[in-house]
Amino acid sequence: MPTNTLTDAICKAAKPAKTAVKLFDGGGLHLYITPAGAKVWRMAYRFDKKPKQISFGAYPLLGLAAARVKRDAAKAQLREGVDPMAPRRAARSARTLSEAWETYWDGRKDVTDSYRSNVLNALKSHLAKLKDRPVASIDKPELLEELMVMDAKGHYDYVRKVRMWIGQVLDWCVEQGDCDANVASQIRPEKAFGKGETVSHASLPANEIGAFMHRLGMEGQLQSVLANHMLALTWVRTGELRGMVWSEISGDLWRIPKERMKRRREHLVPLSTQALKLLTVLKARSRSEYVFPSDRRQDRPMSENSILYLIHRCGYKERMTGHGWRSVASTWANEAGFNEDAIERQLAHAPEDEIRAAYNNAKYLPERRKMLQAFADWIDLQVTAHS
């Protein structure tokens, strides 16, 4: 097999796909590209007639030339009858589980700080008994025993998340040579854990929207009332609305950066005339970068429970939620005959295909603008009819 077939230009330009991609340089060395876009240098080899693999580091922190040096050094060890992974295992065998999860999640720059903090807090709280153990010493029964504590309390969704998070850490540990297997991946959630009742976000039927908006209007122009109205007009998630800042608004378009989106893609929200009017009211009394700042501190967004508490206070507990507006809007838009792809794109249910996602983002923007304006007009009609 020819060697040194890659170039820096090829490595830099390589894009992820739905499945992992391997770009071979020869001698077992290849650039492994995950569907998420991470690029890692790996070398496949055989030792004692068994196929093995060693990871050298992430690209571009470890360049092509440096990866070749590591490959050649590993080949030299193999010629001497030494497994290239042996020194690495000896040096890292003492790495504890907590050291592993701290290092791994500190390197996850593709997630927000709040997400990373939530993950680390979960691991520290629920895997405390294992945190000081060397990674290689932890087996499946021990990990499952800790996870089953959450399952016994009925935290069925959360235990699955913790298993996923620690599994990502252990995948990294396997690559680093800290352990030979990811014991978390050996735990099958559908078999190991219980299942709770599926509960969707409560949402009102269309014929009750007028009464609901009329009742909210009786609360005056409280910030939570205006925020609820803006949710209805934009179809965004509550967290995305809470983080809304004035700098994201350009004319009649709200451009939400990918860092604040669930799917890590920029999201465009056309603003109806009603939404723009609402923003004018909010801007006149604004003293913060946030469109909906906290009542107590202008440097923070409003509480995540403000909208829900308002809805409860108005007598709609367990019948409507802030997130429920997305269901109301989706049902209305489908019944009104709008394009399904335009509806899904406006709800930020983007396809996994990056090219298709970008295409839909541009192609359907005019229809999404028309759709949001029509929905805003429909809400006004419901309120008028109820008055």
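1. Let's start where α17 meets the smaller strands. In this predicted model, helix α17 lies across β6 and β7, and its direction makes about 45 degrees with that of β7. Helix α17 covers residues 365-386, β6 covers 253-256 and β7 covers 267-270, if you would like to find them on screen.

2. The sheet behind that helix is an open one of three strands, in the order β5-β6-β7, with antiparallel pairing. Its edges are β5 (249-250) and β7; each has a single partner strand, so one side of each is left without a neighbour in the sheet.

3. The pairing can be followed residue by residue. Four bridges join β6 to β7: isoleucine 256 stands opposite histidine 267, and tryptophan 254 has valine 269 as its bridge partner in β7. On the β5 side there are two bridges to β6, and here isoleucine 249 is partnered by tryptophan 254. Tryptophan 254 therefore has a bridge partner in β5 as well as one in β7. The β5-β6 connection is a hairpin with two residues between the strands; glycine 251, in the turn, has a positive phi of about 65 degrees.

4. Which residues of β7 are buried on each of its faces? His267 and Val269 are buried on one side, and Leu268 and Pro270 on the other, leaving both faces of the strand covered. As a reminder, side chains in a regular strand alternate between the two faces of the sheet.

5. Tryptophan 254 turns up again in the largest nonpolar core, which has 51 residues. Together with Phe212, Leu241, Leu279, Phe292, Trp325 and Phe375, Trp254 is among the members that touch the most others. At least two core residues each come from α9 (209-217), α10 (223-234), β6, α12 (273-284), α13 (306-313), α14 (324-335) and α17. Helix α10 gives the largest share, seven residues. In soluble globular proteins, nonpolar side chains tend to be buried together.

6. Phenylalanine 212 is a handy place to look into this core. Setting aside residues up to four places away in sequence, phenylalanine 212 touches Leu204, Asn228, Ile311, Tyr316, Met320 and Trp325. Apart from this core lies another, of 29 residues, including Tyr104, Ile138, Val169 and Phe193.

7. Is valine 183 buried or exposed? Valine 183 sits in the loop between α7 (156-176) and α8 (189-192), yet its relative accessible area is 10%, under the 20% cut-off, so it counts as buried. Beyond its neighbours within four places in sequence, valine 183 is in contact with Ile138, Asp139, Lys140, Leu143 and Leu170. For a sense of scale, valine 183 and glutamate 367 are 184 residues apart in sequence and 48 Å apart in space, C-alpha to C-alpha.

8. Now to the helix pair α4 (97-106) and α5 (113-126). They pack at an angle of about 170 degrees, with their axes 11 Å apart. That angle is over 145 degrees, so α4 is roughly antiparallel to α5. On the α4 side, the contact is made by Trp101, Glu102, Trp105 and Asp106; on the α5 side, by Tyr115, Arg116, Val119, Leu120, Leu123 and Lys124. By class, that gives six nonpolar, no polar and four charged residues.

9. The other sheet to look at is an open one of four strands, ordered β1-β2-β3-β4, again with antiparallel pairing. Strands β1 (21-26) and β4 (50-58) are its edges, and each pairs on one side only. Ignoring direction, neighbouring strands are turned by 30 degrees against each other on average. Helix α2 (64-79) packs on this sheet and touches β1, β2, β3 (39-47) and β4; the direction of α2 makes about 15 degrees with that of β3.

10. Last, the β1-β2 pair. Strand β2 covers residues 29-33, and five bridges join it to β1 in an antiparallel arrangement. Phenylalanine 24 has histidine 30 as its bridge partner in β2, while lysine 22 is partnered by tyrosine 32. These two strands form a hairpin with two residues between them, and glycine 27 in the turn has a positive phi of about 65 degrees.

Methods:
Residues numbered from 1 in each chain as written. Predicted model: local features only at pLDDT ≥ 70, side-chain atom pairs only at ≥ 80, totals over all residues. Heavy atoms only, no water. Axes fitted to C-alpha atoms, helices over the stretch in contact; angles between N-to-C directions. Parallel < 35°, antiparallel > 145°, perpendicular 65-115°, else oblique. Contact = heavy atoms within 4.5 Å. Nonpolar A, V, L, I, M, F, W, Y, C, P; charged D, E, K, R; others polar. Pairing = 2+ DSSP bridges. Core = buried A, V, L, I, M, F, W, Y, C linked by side-chain atoms within 4.5 Å. Buried < 20%, exposed > 50% of the residue type's maximum accessible area, 1.4 Å probe, protein only.
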